[in-house]
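Trainee: I am new to this structure and would be grateful for a close look at a single part. Could you take me through the sheet and the elements that surround it?

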Amino acid sequence: VLNAGVMLCPQEYTAQGFERQIGTNHFGHFYLTQLLLPKMKAQAHPSRVVVVSSETHKVGCITLQDLHCRNRRYWSWGAYAQSKLANVLFAKELSDRCEGTPVKAFSLHPGAINTPLQRHMTFIMNWVAYLVHDKDTAQGASTSVFACVAPVLETHPGGYLSDCAVVTPSATAQDLQKTLRKALWETTAAQIEQALAS
């Protein structure tokens, strides 16, 4: 379960030069998966990669030429939404690349949960968030657990889930032509390779 995450950070960069939100929420997950994937594919039994995204992906857009917001105005919500859209696209592309192996990938929205993830939100934003939180942490984990073990998902590789059901993500996240997910994969892999070499 790829659940590491940050939200609405001020503009910061990781030691590798990645914008903090996409660096943590997408690049870190991508790299960890690449390290684990050979062993997962070699196992005799099925395995799953579950990527925790958010409904916020629906307002995200991927700026491949500037994933790290170096040449455009930084907006913490936009950077967060971009990272959550990247999660959905990553799961779809990983699923395509693992076709014919025992590995399947899924992404999901866990729900609105009151956790320290919101620590960078203003008082008013936290107050509004408090009103819309619909799950406690145990309930918030339920869709992740479902994605890990539910047999019904075998026929939905690359699926996006919410409330323990397969649902339709945004049109951008569906990426029916599969061009955006492939381009994001290639860009991410190249930038990680460059970061590791320096």
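Mentor: Val52 stands opposite Leu108 in β2, and Val50 has Phe106 as its bridge partner in β2. The model is a predicted one. β1 and β2 pair in the parallel sense, over six bridges. On the other side of the pairing order, β2 and strand β3 (residues 160–162) also pair in the parallel sense, over three bridges. One of the bridge partners here is Ser162 in β3, which is matched with His109.

Taken as a whole, the sheet is open and has four strands in the order β1-β2-β3-β4, with mixed pairing. Its edge strands are β1 and β4 (165–167), each of which pairs on one side only. From one strand to the next, the twist averages 40°.

The burial of the strands comes next. Six of the six residues of β1 are buried, so β1 is largely enclosed by the rest of the structure. Ser47, Val49 and Val51 point one way from β1, while Arg48, Val50 and Val52 point the other way, and all are buried. For β2, seven of the seven residues are buried, so this strand is likewise largely enclosed by the rest of the structure. Both of its faces are covered: Val103, Ala105, Ser107 and His109 are buried on one side, and Lys104, Phe106 and Leu108 are buried on the other.

Helices lie across these strands. α2 lies across β1, β2 and β3 and runs at about 160° to β2. Helix α4 (residues 137–149) lies across β1, β2, β3 and β4, at about 155° to β1. Of the 22 residues of α2, 18 are buried, and the helix is mostly covered. From its first C-alpha to its last, α2 reaches 31 Å, close to the 32 Å expected at 1.5 Å a residue.

Helix α1 also belongs in this picture. The elements that cover its buried residues include β1 (47–52), α2 (76–97), β2 (103–109) and α6 (179–197). Those buried residues are Gln21, Ile22, Gly23, Asn25, His26, Phe27, His29, Phe30, Thr33, Leu37 and Met40. An α-helix has 3.6 residues a turn, so residues three or four places apart point the same way. At the start of α1, the backbone nitrogen of Gln21 has a side-chain oxygen of Glu19 within 2.9 Å.

The length of α1 can be checked in the same manner as that of α2. Helix α1 (residues 20–42) has 23 residues, which at 1.5 Å a residue should span 33 Å; its end C-alpha atoms are 33 Å apart, which agrees. The helix nevertheless bends by about 45° at Leu36, and a proline, Pro38, follows within four residues.

Finally, Met7 is found in the segment before α1. With a relative accessible area of 10%, Met7 falls under the 20% limit and is therefore buried. Its C-alpha atom is separated by 9.9 Å from that of Lys84, although the two residues are 77 residues apart along the chain.

Conventions:
Residues numbered from 1 in each chain as written. Predicted model: local features only at pLDDT ≥ 70, side-chain atom pairs only at ≥ 80, totals over all residues. Heavy atoms only, no water. Helix = DSSP H or I, 4+ residues; strand = E, 2+ residues; numbered from the N terminus. Expected span 1.5 Å × (residues − 1). Bend = angle between axes of the 7 residues up to and from the residue. Buried < 20%, exposed > 50% of the residue type's maximum accessible area, 1.4 Å probe, protein only. Contact = heavy atoms within 4.5 Å. Polar contact = N/O pair within 3.5 Å; in protein donor to acceptor, adjacent residues only side chain to side chain. Pairing = 2+ DSSP bridges. Axes fitted to C-alpha atoms, helices over the stretch in contact; angles between N-to-C directions.
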